[in-house]
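Welcome! Please open your viewer and get ready to click along on a short tour.

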Amino acid sequence: MEWKSEYEKLVNSALEGRKNSYSPYSHFAVGAAVLGKTGEIFTGCNIENASYPVGICAERVAISKAVSEGVRSFKALAIAGGPDKNPGSDICEPCGLCRQFIREFVPAGFPIILAKVSDEGEIEEKVVYSLEELLPHSFGPDNLKG
Ligand code: THU
């Protein structure tokens, strides 16, 4: 029960974050929610920019919010994204930059939940990947230890 209610809560938080998406260029709205070890949830949305490369993804916003509040240990991350005209989401894979960003703070087995949610708010499909599945053979903090 715990895992189910926890991931559902996290997906719902990602959808909440997604509501604040600023995506006037791609019209692709993404939300993310990261669960801190303390139980606190930090949400994020993608924030685009007229100078396109300056935009930032939802995952990095959520994790940056947590880290800047002193939370660096996480239990899970949920992502929900899709065309901004739909309240629901598709399965949205995290981009390569975000995979590396996430990798900095989490162990190999860390769960990343991708959810397809209907416009009525039902979780229709969920996929859970470990960080290692999404970013195998990665470079991380250990590589810089002397
Ligand atoms: N986007 C995210 O926020 N997270 C991802 O991992 C995939 C892409 C955003 C970036 C951009 O604002 C929009 O989705 C389209 O690429």
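This tour visits a ligand and its surroundings, one selection at a time, in a predicted model.

**Stop 1: the ligand and its neighbours.** Select the ligand, then add the residues around it: S26, F28, V30, N46, E48, C57, A58, E59, E93, P94 and C95. Try colouring this shell by residue type: you should find six nonpolar, two polar and three charged residues. Next, show the ribbon and find β1, which spans 28–36, and α2, which spans 58–68. Each of these two elements gives the shell at least two residues.

**Stop 2: the polar contacts.** Now zoom in on the side chain of E48, where an N or O atom is 2.5 Å from an oxygen atom of the ligand. Move on to N46: here, too, a side-chain N or O atom is found, 2.9 Å from a ligand oxygen. For C95, turn on the backbone instead, since one of its backbone N or O atoms lies 2.9 Å from an oxygen of the ligand. How much of the ligand does the protein bury? On its own the ligand exposes 370 Å², and the protein buries 76% of that area.

**Stop 3: the pocket.** Switch on a surface to look at the largest pocket, which is where the ligand sits. This pocket has a volume of about 230 Å³. Its lining has 17 residues, and those closest to the centre are S26, N46, E48, I56 and C57. Colour the lining by type to see ten nonpolar, four polar and three charged residues. Finally, bring back the ribbon: β1 and α2 each contribute at least two residues to the pocket lining.

How values were computed. Residues are numbered from 1 along each chain as its sequence is written. This is a predicted model: local features need pLDDT of at least 70, side-chain atom pairs count only at pLDDT 80 or more; totals for chains, interfaces and linings use all residues. Side-chain values use heavy atoms; hydrogens and water are left out. A residue is near a molecule or strand if one of its heavy atoms lies within 4 Å of it. A polar contact is a pair of N or O atoms within 3.5 Å; within protein, one must be able to donate a hydrogen and the other to accept it, and residues adjacent in sequence count only if both atoms are side-chain atoms. Accessible areas come from the Shrake-Rupley method with a 1.4 Å probe; for residues, only the protein chains shown count as cover. On a 1 Å grid over the protein atoms alone, a cavity is a set of points where a 1.4 Å probe fits but cannot get out, and a pocket is an open set with protein on both sides within 12 Å along at least five of seven lines; lining residues have an atom within 4 Å of a point. A molecule sits in a cavity or pocket if more than half of its atoms lie within 2 Å of its grid points. Helices (H or I, at least four residues) and strands (E, at least two) are DSSP runs, numbered from the N terminus. Ala, Val, Leu, Ile, Met, Phe, Trp, Tyr, Cys and Pro count as nonpolar, Asp, Glu, Lys and Arg as charged, and the others, Gly among them, as polar. Grid points are joined across faces, edges and corners, and a volume is the space filled by probe spheres set on the points.
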